Amino acid sequence: MAYHRIPEMIGCGKGFLIKTENELAAAFRDAYASKELSLLEVILDPDDISPQLRRLCERFARGAKQQE
């Protein structure tokens, strides 16, 4: 789904599709300056995860398996 298109579909605000750090910086500037809804859809590499977040996800996965 193209989440960045939601503001366009509801007729309110602006959406941003972000694939690079420069696009993210520009979107933050535009969103901060706007009084309207801003929706930022950030595309990340699937392996772009911090070690801390990876450990947290592994703990959640273990907990979910125990509840099955």
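Biologist: Which residue in β2 stands opposite Gly 15?
Modeller: The model is a predicted one. Strand β1 comprises residues 14-18 and pairs with β2. In this pairing, the residue of β2 that stands opposite Gly 15 is Leu 39.

Biologist: In which sense do β1 and β2 pair, parallel or antiparallel?
Modeller: The two strands are joined over 5 bridges. Besides the position of Gly 15, the register places Lys 14 opposite Ser 38 in β2. The sense in which β1 and β2 pair is parallel.

Biologist: What is the handedness of the crossover from β1 to β2?
Modeller: The pairing of β1 with β2 is parallel, over 5 bridges. Between these strands the chain passes through helix α2, residues 21-33, giving a β-α-β crossover. The handedness of this crossover is right-handed.

Biologist: Is Leu 24 buried, partly exposed or exposed?
Modeller: Leu 24 belongs to helix α2. With residues up to four places away in sequence left out, Leu 24 touches Ile 18, Leu 40 and Val 42. The C-alpha atoms of Leu 24 and Val 42 are 7.8 Å apart, with a separation of 18 residues along the chain. Because its relative accessibility is 26%, Leu 24 counts as partly exposed.

Biologist: How far apart are the C-alpha atoms of Ser 38 and Cys 12?
Modeller: Ser 38 lies in β2 and is partly exposed, at a relative accessible area of 25%. Beyond its neighbours within four places in sequence, Ser 38 is in contact with Lys 14, Phe 16 and Ala 31. Ser 38 and Cys 12 are 26 residues apart along the chain, and their C-alpha atoms are separated by 9.0 Å.

Biologist: Which side chain of opposite charge is nearest to Glu 41?
Modeller: Glu 41 lies in strand β2, residues 38-42. Glu 41 is buried and has no salt bridge. A salt bridge requires a nitrogen to oxygen distance within 4 Å, whereas the nearest side chain of opposite charge to Glu 41 is 8.6 Å away and belongs to Arg 5.

Biologist: What is the length of the polar contact that joins the side chains of His 4 and Glu 41?
Modeller: His 4 lies in the segment before α1. With neighbours within four places in sequence set aside, the contacts of His 4 include Gly 15, Leu 39 and Glu 41. The polar contact between the side chains of His 4 and Glu 41 has a length of 2.8 Å.

Biologist: The backbone nitrogen of which residue lies 2.9 Å from a polar atom of the side chain of Glu 41?
Modeller: Neighbours within four places in sequence aside, Glu 41 is in contact with residues that include Met 1, Ala 2, Tyr 3 and His 4. Among them, His 4 is joined to Glu 41 by a polar contact between side chains. The backbone nitrogen 2.9 Å from a polar atom of the Glu 41 side chain is that of Tyr 3.

Biologist: With which residue does Arg 5 form a salt bridge?
Modeller: Side chains of opposite charge can pair when their charged atoms come close. The structure holds 1 salt bridge. Arg 5 is partly exposed at 38% relative accessible area, and Glu 8 is exposed at 54%. The closest N and O atoms of the pair are 2.9 Å apart, and the salt bridge of Arg 5 is formed with Glu 8.

Biologist: How far apart in space are Arg 59 and Ala 2, C-alpha to C-alpha?
Modeller: Arg 59 is found in helix α3, which spans residues 51-67. Arg 59 counts as exposed because its relative accessibility is 51%. Arg 59 and Ala 2 are 57 residues apart in sequence, and their C-alpha to C-alpha distance is 30 Å.

How values were computed
Residues numbered from 1 in each chain as written. Predicted model: local features only at pLDDT ≥ 70, side-chain atom pairs only at ≥ 80, totals over all residues. Heavy atoms only, no water. Helix = DSSP H or I, 4+ residues; strand = E, 2+ residues; numbered from the N terminus. Buried < 20%, exposed > 50% of the residue type's maximum accessible area, 1.4 Å probe, protein only. Lys, Arg positive; Asp, Glu negative; His and termini not counted. Polar contact = N/O pair within 3.5 Å; in protein donor to acceptor, adjacent residues only side chain to side chain. Contact = heavy atoms within 4.5 Å. Pairing = 2+ DSSP bridges. Right-handed = clockwise from strand over helix to strand, strands pointing away.
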